[in-house]
Amino acid sequence: MSPKWTKLAGAGNLALALGGTAVTNLEVDVDAARAEVDLSGEWGQYLTADLKADAGQLTIIVPTGVGVRIETDVDAGDKDIDGLTEIEENAYVNGEYDTATVRLTIKADVDAGQLKIEVAE
């Protein structure tokens, strides 16, 4: 898989499992869909991700063992964020973020719907 990966989707369901890949730049933009972006697994490099859902549900599964920072923007709807600490308004990190040698930086934007973030087991 190339270091940069872009996925655009209309209505329906989208499931991506990208842990252990060489992706360093990820863009996902869905219109009216249920999208799951699973980043669990091994990461040996930094990742910058821009994830957007116009309407529907966006679920992000983040790994352990690397630093994770997520900046959120939910215009109309709710967010359910488990396992991360809010460090400033709409910005969350995991406990490993400050000392991690590999970091995932994610922007998650939902116009109308639900943003759900969970840590992989």
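This passage describes charged contacts, a strand hairpin and selected residues in a predicted model.

The structure holds 6 salt bridges. Four residues, K52, D54, D109 and D111, are linked in a network of such bridges. Within this network, the side chain of K52 meets that of D54, with an N to O distance of 3.2 Å. The side chains of K52 and D111 also form a salt bridge, in this case at 2.9 Å from N to O. Because K52 lies in strand β4 (residues 47–62) and D111 in strand β8, this pair ties together parts that are 59 residues apart in sequence. K52 has a relative accessible area of 23% and is therefore classed as partly exposed. The value for D54 is 27% relative accessibility, so D54 also counts as partly exposed. D111, with a relative accessible area of 25%, is likewise partly exposed.

A further salt bridge is formed by R69 and E88, whose closest N and O atoms are 3.6 Å apart. This pair links distant parts of the chain, since R69 belongs to strand β5 (residues 67–81) and E88 to strand β6, 19 residues apart. The two partners fall into separate classes of accessibility: R69 is buried, with a relative accessible area of 15%, whereas E88 is partly exposed, with a relative accessible area of 46%. The cut-off that places R69 among the buried residues is a relative accessible area under 20%.

E88 also takes part in strand pairing. Strand β6 (residues 85–88) and strand β7 (residues 91–93) run antiparallel and are joined by 3 bridges. The bridge partner of E88 in β7 is A91. The hairpin of β6 and β7 has 2 residues between the strands, and N90 in this hairpin takes a positive phi near 65°. E88 is thus described by two kinds of partner, namely R69 through a salt bridge and A91 through a strand bridge.

Aromatic residues were examined next. A search of the whole structure finds 0 aromatic pairs. A charged side chain is nevertheless placed against an aromatic ring: R103 lies over the face of Y97, at 4.3 Å from the ring centre.

Strand β8 spans residues 103–119 and includes G113. With 21% relative accessibility, G113 counts as partly exposed, because the buried class requires a value under 20%. G113 and L58 are 55 residues apart in sequence, while their C-alpha atoms are 8.1 Å apart in space. When residues up to four places away in sequence are not counted, G113 touches G56, V74, A76, G77 and D78.

The surroundings of D38 offer a contrast to the salt bridges described above. D38 is located in strand β3 (residues 25–38). This residue is buried yet has no salt bridge. The nearest side chain of opposite charge is that of K116, which is 13 Å away from D38. A salt bridge requires a side-chain nitrogen of Lys or Arg within 4 Å of a carboxyl oxygen of Asp or Glu. The contacts of D38, not counting residues up to four places away in sequence, are with L16, A17, L18, G19 and I61.

Key: Residues are numbered from 1 along each chain as its sequence is written. This is a predicted model: local features need pLDDT of at least 70, side-chain atom pairs count only at pLDDT 80 or more; totals for chains, interfaces and linings use all residues. Side-chain values use heavy atoms; hydrogens and water are left out. Helices (H or I, at least four residues) and strands (E, at least two) are DSSP runs, numbered from the N terminus. Buried means under 20% relative accessible area, exposed over 50%, partly exposed in between (1.4 Å probe, protein chains only). Lys and Arg count as positive and Asp and Glu as negative; His and the chain ends are not counted. Contact means heavy atoms within 4.5 Å. Two strands pair if DSSP finds at least two bridges between them. Rings of Phe, Tyr and Trp (its six-membered ring) pair if their centres lie within 6.5 Å; planes under 30 degrees apart count as stacked, over 60 as edge-to-face and the rest as tilted. A charge sits over a ring if NZ of Lys or CZ of Arg is within 6 Å of the ring centre and within 35 degrees of the ring normal.
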